[in-house]
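User: Please take a close look at the part of this model where the two chains meet, and set it in the context of the chains around it.

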Amino acid sequence: MPATERPALPFRTRLGIFVRLLAIQGAWNYETLLGNGIGFCIEPALRLLPGGRHSPEFHAALARESRYFNAHPYLASVAVGALARAELDGEPPERIERFRTALCGPLGSVGDRLIWAGWLPFCSLLSLALFGLGARALAVVGFFLLAYNAGHFALRVWGLNTGWSHGLRVASALGNPVLRRGPQQIGRLAALATGIAIPLALGRIIGPGRSLLGLVLVAVALGATVIVRLQGRIEGWRLSLVLLAAFSLFAVLR
Amino acid sequence: MIDWAHFVELIPLGLLGGVLGLDVVSFPQAMISRPLVASTMAGALIGEAPSGLLLGAALELIALETLPFGASRYPEWGSASVVGGAIFATYPSHPAGSMPLAALAALATTWVGGWTMVKLRQRNAVWAGRKREALEAGARGSVVSLQLRGMTADFIRGAGLTVIAYALLAPLAAKCVKLWSADARISRCVIVALAASVAGGAAWKLFHSTAGARWFFVGGLGVGLFMLFLR
């Protein structure tokens, strides 16, 4: 339920915030993380404060919102919407500070599981399966970008609207079934897509090596096991770099 | 003697590398920087999109392992995939060493790219530190300029990395392709086996803790292998 009767956020302001949300990590650094980005995104809404952008309230709010903050970049839209609403509702600064601190953890972990460990690999693997089935470049790339960004933009829009609607009571909205059960469901689908995509993609990339397919499949099974066993000690991409460099040296210098 | 044709070729590649490098973190994170997309775009720029896609798919399998979790340090695939895709696309007949060498170029660039991203983040912190008083006072200009400066620097980082990596690695790859002595089938199998192994390991890392996911994986693998042998 909305915190109080929801005031209208002008379309132009909403659009301004949304466009800025796409650049929320523009000044990401190891000290304030997303902090400056949050201030940057909320700034169009703060102009609606009494007295506008030259008022002491505007400066105080912008200073408060530009401090340390951490969240998943897409779900930061929830924080931006909620904080904009809180500032325009005139909530006490100490309450806003507490809210900012409490929101960091959940928005980071839910976003990581839902997007980085779920939606991104799922879309990537579906596109690789499409590639393995012989689809052309435009179809593969177009499918990936459309599928991934449908989820990406929908999440950002939902986050901004939800944050704005609920203000400081946005925690209840984070119980949304998509956020609670989504990571697990998408994880299962992504696991299915992994099983389908890896052999199909392998079958197309291998080209002239197809006569050695059986050997390659055995090598992949062994290689994946080694990489899982070495987890935490060396990353697979670094191992690939070293092995590929060694193979290239051998092939060139032999 | 300066090779002007090579120099002119670097400008669009640098711009593409800059835009895709920017997408990795700063703007708009629409995943146009994923190897599948970035390498294909670089291939299209050279006039060989299918070659770019082929290398992009191999790199995408490897990139599944390195997802941008939180504040972790990860390799930068956008600019690197442009370098790899462009190098591979210059060999439309796909001679034996072209794919391993292009993948190696991309992996080396992605490593350096990850390091440049860390340096940029440290630089962003320095810039923010210099404006601390203005930020504490809620100066709008400081908040906006920090954001714009960070994004501009990231674009320049990606473009510069792409230009330097391509300018250094493309001629080196050309020399190595001529000297390449390994069999074409073996060469392709090595890169495929490495990429698929990393993807398999990455999948386990991502999904092993999800209830029932391993059965979905096994089911999918059965379907995938069946379709592979049908083709």
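Analyst: What follows begins with the contact between the chains and then moves to the core and to selected residues.

This is a predicted model, in which local features need pLDDT of at least 70, side-chain atom pairs count only at pLDDT 80 or more, and totals for chains, interfaces and linings use all residues. Residues are numbered from 1 along each chain as its sequence is written, while chains are lettered from A and ligands numbered from 1 in the order in which they are written.

The interface joins 96 residues of chain B to 88 residues of chain A, two residues being in contact if their C-beta atoms, placed from the backbone, lie within 7 Å. On the side of chain B that touches chain A, the elements giving two or more residues include helix H2 (35–46), helix H3 (49–63), helix H5 (98–130) and helix H7 (140–179) of chain B; helices here are DSSP runs of H or I with at least four residues, strands are runs of E with at least two, and both are numbered from the N terminus. Helix H8 (184–207) of chain B also belongs to that set, and H8(B) supplies the largest share of this side, 21 residues. By class, the side of chain B that touches chain A has 65 nonpolar, 21 polar and 10 charged residues, where Ala, Val, Leu, Ile, Met, Phe, Trp, Tyr, Cys and Pro count as nonpolar, Asp, Glu, Lys and Arg as charged, and the others, Gly among them, as polar.

Within this interface, helix H7 (residues 177–205) of chain A deserves attention together with H8(B): their axes come within 11 Å and cross at roughly 175°. Axes are lines fitted to C-alpha atoms, for helices over the stretch in contact, with angles running from 0 to 180 degrees between N-to-C directions. H7(A) and H8(B) are therefore roughly antiparallel to each other, a term used for angles over 145 degrees, as against under 35 for roughly parallel, 65 to 115 for roughly perpendicular, and oblique for the rest. From H7(A), the residues that meet H8(B) include A:Gly187, A:Ala190, A:Thr194 and A:Ile198, and their partners in H8(B) include B:Val192, B:Ala196, B:Gly200 and B:Phe207. The residues of this helix contact divide into 10 nonpolar, 3 polar and no charged.

B:Val192 also leads to the nonpolar core, since it is one of the three residues, with A:Val80 and B:Ala103, that touch the most other members of the largest core, which has 161 residues. Such a core is a set of buried Ala, Val, Leu, Ile, Met, Phe, Trp, Tyr and Cys residues joined through C-beta atoms within 7 Å; a residue is buried if 20 or more other C-beta atoms lie within 10 Å of its own, exposed if 12 or fewer, and partly exposed in between, with C-beta atoms placed from the backbone. The largest share of this core, 16 residues, comes from helix H5 (residues 93–132) of chain A. Domain 1 (11–205) and domain 2 (208–254) of chain A both give residues to this core, so it lies between them; the domain bounds come from an automatic or database domain assignment. The centres of these two domains, taken over C-alpha atoms, are 36 Å apart. Not counting residues up to four places away in sequence, B:Ala103 touches A:Leu244 in chain A, and its contacts in chain B include B:Leu55, B:Gly84 and B:Ile191.

Chain B as a whole has 9 helices and 0 strands, and 58% of its 231 residues count as buried. Its helix H4 (residues 77–89) contains B:Ala89, which is buried with 26 other C-beta atoms within 10 Å and is in contact with residues including B:Ala42, B:Ile46 and B:Ser51. B:Ala80 is found in helix H4 of chain B too; it counts as buried with 34 C-beta neighbours inside 10 Å, and B:Ala106 and B:Gly113 are among the residues it touches.

Two backbone details in chain B complete the picture. A cis peptide bond with omega of about -10° joins B:Phe27 and B:Pro28, and B:Pro28 has its place in the loop between helix H1 (4–25) and H2 of chain B. In the loop between H4 and H5 of chain B, B:His94 has a positive phi near 50° and is partly exposed, with 19 other C-beta atoms within 10 Å. Most residues other than glycine have a negative phi, and most peptide bonds are trans.
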